[in-house]
Amino acid sequence: MAYPVTVQGSPGFEKSTTTSAKHRVGQKMELPDGRVFFYGYTGEAITAGKLCMTTATSSGHIKDLAVAAAAAADATQIKVTNAAYTGDFATRGDYQDGYVFVNDAAGEGQVWQIKDHSTAASSGTITIDFYDNDVVATALTTSSEVGLAKNPYNSVEVWDLSDIDGPCIGVPNRDIASGSYGWFQTKGYAAVLTNGTVVVGKNVMTGSTTDGSADVMADDSSAEFLIGGVVNVGATTEYSLVDLNIRG
């Protein structure tokens, strides 16, 4: 099934949530006022207005997976040797709509989105299919090594300052139960949990003391991830109105 690049939504669409998928994970939606959202699946219960992050890629899949068979230019799939880890690829779809990239040797620097993949036990062979019209541009050999990443909106978690698994990917406008689908806002006015004293017109970043919150932007190494600019200030532990600029 083909999906439009961007869904043109109406106010209120961003508050829909279901336990079955209604869009492709990572689908973009824009409202008439320019607010932008991406469709995601939750890995835990998430409260409205809390900053969220992508889930971590298995340590065995981050890089250096061996290409199991050479792939010629114009190939539409590749075969990869699974790591000595069975938590992923035990089920078809674990990495669907995620990414595979060549991190070393022949063909390095290429990246593809994953349309589908086979299952594989630890050290087994995974067949990874690309989306239509996508191909291997530079041939791969069995010396090539690849890394994997799940779709950033697959198994979304609350921003956990003590265990940051990946980039901040947005803020929901409503509570979303664990194991459910919903929309995560990345651009435009949004109510965001506030920690500390933020200032109108100043940038805010992912919080450094409270999970899911935003702090005033710090000009030092404690700054984690730029969120956007403050419009209306809320007291600490309350919610401020922020003009998000996470991704467009």
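What follows walks through the fold of this predicted model, from the overall picture down to a few strands and one residue.

On the broad view, this is a protein built from strands: the count comes to 17 of them, with zero helices. Its radius of gyration is 20 Å, close to the 18 Å that the globule rule gives for 248 residues, so the protein is as compact as a globular protein of that length. Laid along its principal axes, the C-alpha trace spans about 55 × 40 × 30 Å. Buried residues account for 42% of the 248. The contacts reach far along the chain, too: of those between residues at least 6 apart in sequence, 65% join residues at least 24 apart. As for the outside, the accessible surface comes to about 11,300 Å², and carbon and sulfur atoms hold 50% of that. The protein carries 15 positive and 28 negative charges, and the mean positions of the two sets lie 8 Å apart.

Turning to the sheets, six strands line up in an open, antiparallel arrangement, in the order β5-β10-β7-β8-β9-β6. The edges belong to β5 (65–66) and β6 (77–81); each has a single partner strand, so one side of each is left without a neighbour in the sheet. For β5, the pairing with β10 (residues 145–149) is antiparallel and runs over two bridges, with L65 standing opposite V146 of β10.

Strand β10 also holds A149. This alanine has a relative accessibility of 26%, which falls between the 20% limit for buried and the 50% limit for exposed, so A149 counts as partly exposed. Leaving aside residues up to four places away in sequence, A149 touches T57, Y95, G98 and Y99. Its C-alpha atom is also 9.9 Å from that of Q96, a residue 53 places away along the chain.

Strand β11 (residues 154–158) is a mostly covered piece of the structure: five of its five residues are buried. Two pairings of β11 run in opposite senses. With β3 (residues 36–42), β11 runs parallel, joined by two bridges, and here Y41 has N154 as its bridge partner. With β4 (residues 52–53), β11 is again joined by two bridges, but the strands run antiparallel; in this case C52 is partnered with V158.

Toward the end of the chain, β17 (residues 239–245) shows a neat two-faced pattern. S240, V242 and L244 point to one face and are buried, whereas Y239, L241, D243 and N245 point to the other and are not. That is the regular behaviour of a strand, in which side chains alternate between the two faces of the sheet. Strand β17 pairs with β13 (residues 181–193) in the antiparallel sense, through seven bridges, and one of the facing pairs is A191 with L241. Another antiparallel partner is β16 (residues 226–232), which is joined to β17 by four bridges; G228 sits opposite L244 there. These two strands, β16 and β17, make a hairpin with six residues between them, and in the turn T237 takes a positive phi of about 75°. L241 and L244 thus both turn up in bridge pairs, L241 facing A191 and L244 facing G228, while their side chains point to opposite faces of β17.

Terms used: Residues numbered from 1 in each chain as written. Predicted model: local features only at pLDDT ≥ 70, side-chain atom pairs only at ≥ 80, totals over all residues. Heavy atoms only, no water. Buried < 20%, exposed > 50% of the residue type's maximum accessible area, 1.4 Å probe, protein only. Pairing = 2+ DSSP bridges. Rg over C-alpha atoms; globule rule 2.2 N^0.38 Å. Contact = heavy atoms within 4.5 Å. Areas by Shrake-Rupley, 256 points an atom, 1.4 Å probe, with all protein chains shown as cover. Lys, Arg positive; Asp, Glu negative; His and termini not counted. Charge placed at Lys NZ, Arg CZ, Asp CG, Glu CD.
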